[in-house]
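Reader: I have the chain open and would like to go through it with you. Could you take me through a few local features, then the wider picture?

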Amino acid sequence: MAGTLYTYPENFRAYKVLIAAQYSGTPVKVAADFVFGETNCSEPFLQKFPSGKVPAYETKDGKYLTESNAIAYYVANEQLRGANDFHRAEVQSFLSFADNVLLPAVQGWTFPMIGIVPYNKNNVERAKEELRRGLAALNSRLLKQTYLVGERITLADVVVFATLLHAYEYVLDPAFRAPFGAVNRWFTTLMNQPQVQAVVKVPALCAKVAQADPKKYAEFQAKVSGGSGGAPAEKKKEKKEKKPAPEKPEPAEQPDAADELLAAEPKQNDPFETLPKGTFNFDDFKRFYSNEEEAKSIPYFWTKFDPANYSIWYGEYKYPEELTKVFMSCNLITGMFQRLDKMRKQSFASVCLFGEDNNSTISGVWVWRGQDLAFKLSPDWQVDYEVYDWKKLDPASDETKKLVEQYFSWSGTDKNGRKFNQGKIFK
């Protein structure tokens with residue numbers, strides 16, 4: 001299992017791997033000559049890791065792994081992975097919870113405060129509430145046990161700890177974290193483990209919430225754009241209060257190094273460029289949809305839609321029995337949207353949650369360029385799509401027109417009679 005880890009300094013995703021290696025005794029060497037934006041753009045690196053993303057791992061016998069949770073699992077020992085089948089399943093559950101529930105909330109709150117994304121009060125407040133609910137779920141668990149799975153530290157603890165690290169550093173002040181005493185106890189316990197301290201320069205716990213400063217964001221934008229001085233895009237009028245335009249997902253990298261990393265991120269071709277262009281203008285429709293009521297925007301969609309070069313699809317989550325809390329289900333949608341960020345330019349979707357806690361389902365209507373399932377155009381887009389059943393819709397049929405109206409206007413019930421609860425727009 002010995003191998004080389006490619007990463008930049010202070011990458012919280014790499015922390016997962018390195019802490020796991022400390023516990024298991026697996027020798028992991030961090031590539032000393034790695035330069036983000038250069039090494040990971042080079043032809044030899046891309047031959048091994050086509051996505052160009054880090055952390056990336058090369059085993060001693062020439063095998064290659066990406067995705068931090070998978071690498072951490074590979075270098076871990078049996079105790080970290082889980083002592084029995086049920087514990088192993090619980091570990092995987094917490095890894096998913098960290099990525100899909102905690103991480104979007106942590107980044108949604110911390111990144112505006114340190115100038116990585118523009119501050120938007122509604123988005124920050126929503127992220128705070130999502131993080132509050134996520135911490136409450138963890139607290140309930142940790143009231144009953146010392147660690148998240150079993151009676152010893154596992155990958156569940158390592159991954160959740162790394163995911164929460166920046167929140168505890170920048171925004172979780174004493175007042176906010178006070179209700180979560182069990183989580184705080186668990187976090188400080190992890191923080192003081194020698195295996196953790198061998199990897200992480202552990203920060204002091206947040207004493208005062210970091211404050212958003214427009215100057216920080218302006219400086220960050222100047223670095224990312226190379227000082228081009230381009231004016232920021234004009235803010236568009238929001239649609240109704242219930243239908244906010246999703247904020248551009250925050251970069252997944254470590255905030256301390258984010259300006260350098262985003263500026264150096266390798267450019268990738270748009271997979272849609274291989275398809276006929278057609279006449280449907282997504283930007284035009286998205287503006288109209290955001291600014292007008294559905295009584296106007298839905299007919300507008302049909303007058304502009306080009307069925308020869310664009311297609312409409314219905315996607316439904318395969319495992320509704322796994323959907324328990326509504327807020328967690330909504331975070332599944334948010335996580336999927338974030339991972340599909342580069343697909344936004346040539347696609348649009350309205351994804352809805354129908355039902356209530358312990359009786360809900362996720363489904364949506366998607367529109368994109370091309371006639372085939374768009375997710376197959378890029379490996380980067382294939383993380384989530386397989387947990388959905390996909391059906392191509394006939395744009396000429398009355399059934400499709402009814403579905404489009406229902407999902408674009410957020411109304412009605414699903415096929416099992418569950419009432420519309422809430423939705424998210426991908427645009």
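Reader: Where does W410 lie?

Author: W410 is in the loop between helix 16 (398–409) and strand 9 (420–426), where helices (H or I, at least four residues) and strands (E, at least two) are DSSP runs numbered from the N terminus. As for provenance, this is a predicted model, in which local features need pLDDT of at least 70 and side-chain atom pairs count only at pLDDT 80 or more, while totals for chains, interfaces and linings use all residues. Residues are numbered from 1 along each chain as its sequence is written, and side-chain values use heavy atoms, with hydrogens and water left out.

Reader: Is W410 buried or exposed, and what is its phi?

Author: W410 counts as buried, at 6% relative accessibility; buried means under 20% relative accessible area, exposed means over 50%, and partly exposed is in between, using a 1.4 Å probe and protein chains only. Its phi is positive, about 55 degrees, although W410 is not a glycine.

Reader: Why remark on the sign?

Author: Because most residues other than glycine have a negative phi. E10 is also not a glycine and has a positive phi, of about 60 degrees. E10 belongs to the loop between strand 1 (3–6) and helix 1 (12–24), and with 40% relative accessibility it counts as partly exposed.

Reader: And which peptide bond is cis?

Author: The bond from V54 to P55 is cis, with omega near 5 degrees. P55 sits in the loop between helix 2 (43–48) and strand 3 (56–59). For background, most peptide bonds are trans.

Reader: Changing topic, how many salt bridges does a search of the whole structure find?

Author: The search finds 15 salt bridges, each being a side-chain nitrogen of Lys or Arg within 4 Å of a carboxyl oxygen of Asp or Glu. One of them joins the side chains of D85 and R88, at 2.4 Å from N to O.

Reader: Where do D85 and R88 lie, and how exposed are they?

Author: Both lie in helix 5 (residues 85–113), 3 residues apart, which is about one turn of the helix. D85 is exposed, with a relative accessible area of 61%, whereas R88 is partly exposed, with a relative accessible area of 26%.

Reader: What about E125 and E129, which residues do their side chains meet?

Author: The side chain of E125 meets that of K128 in a salt bridge of 3.6 Å, N to O, and the side chain of E129 meets that of R132 in a salt bridge of 3.1 Å, N to O. E125 and K128 are 3 residues apart in helix 6 (residues 121–142), so about one helical turn separates them. E129 and R132 are likewise 3 residues apart in helix 6, so about one helical turn lies between them. E125 counts as partly exposed at 31% relative accessibility, E129 counts as partly exposed at 32%, and R132 is partly exposed with a relative accessible area of 31%.

Reader: After helix 6, what is T154 in contact with?

Author: T154 lies in the loop between helix 6 and helix 7 (155–170), and at 2% relative accessibility it counts as buried. Leaving aside its neighbours within four places in sequence, T154 is in contact (heavy atoms within 4.5 Å) with Q79, L80, V91 and V149.

Reader: How many cavities of 30 Å³ or more are there?

Author: The count comes to 2 cavities of 30 Å³ or more, a cavity being a set of points, on a 1 Å grid over the protein atoms alone, where a 1.4 Å probe fits but cannot get out. The largest cavity holds about 50 Å³ of space, a volume being the space filled by probe spheres set on points that are joined across faces, edges and corners.

Reader: What lines the largest cavity?

Author: Its lining residues, which have an atom within 4 Å of a point, are G315, I333, M336, F337, V351, S363, G364, W366, Y388 and W390. The elements that give two or more residues to this lining are helix 15 (326–339), strand 7 (359–369) and strand 8 (388–393).

Reader: Last one, how many helices and strands are there, and what percentage of the residues count as buried?

Author: The protein chain has 16 helices and 9 strands, and 50% of its 427 residues count as buried. Among its contacts with a separation of 6 or more, 76% are between residues 24 or more positions apart.

Technical notes: On a 1 Å grid over the protein atoms alone, a cavity is a set of points where a 1.4 Å probe fits but cannot get out, and a pocket is an open set with protein on both sides within 12 Å along at least five of seven lines; lining residues have an atom within 4 Å of a point.
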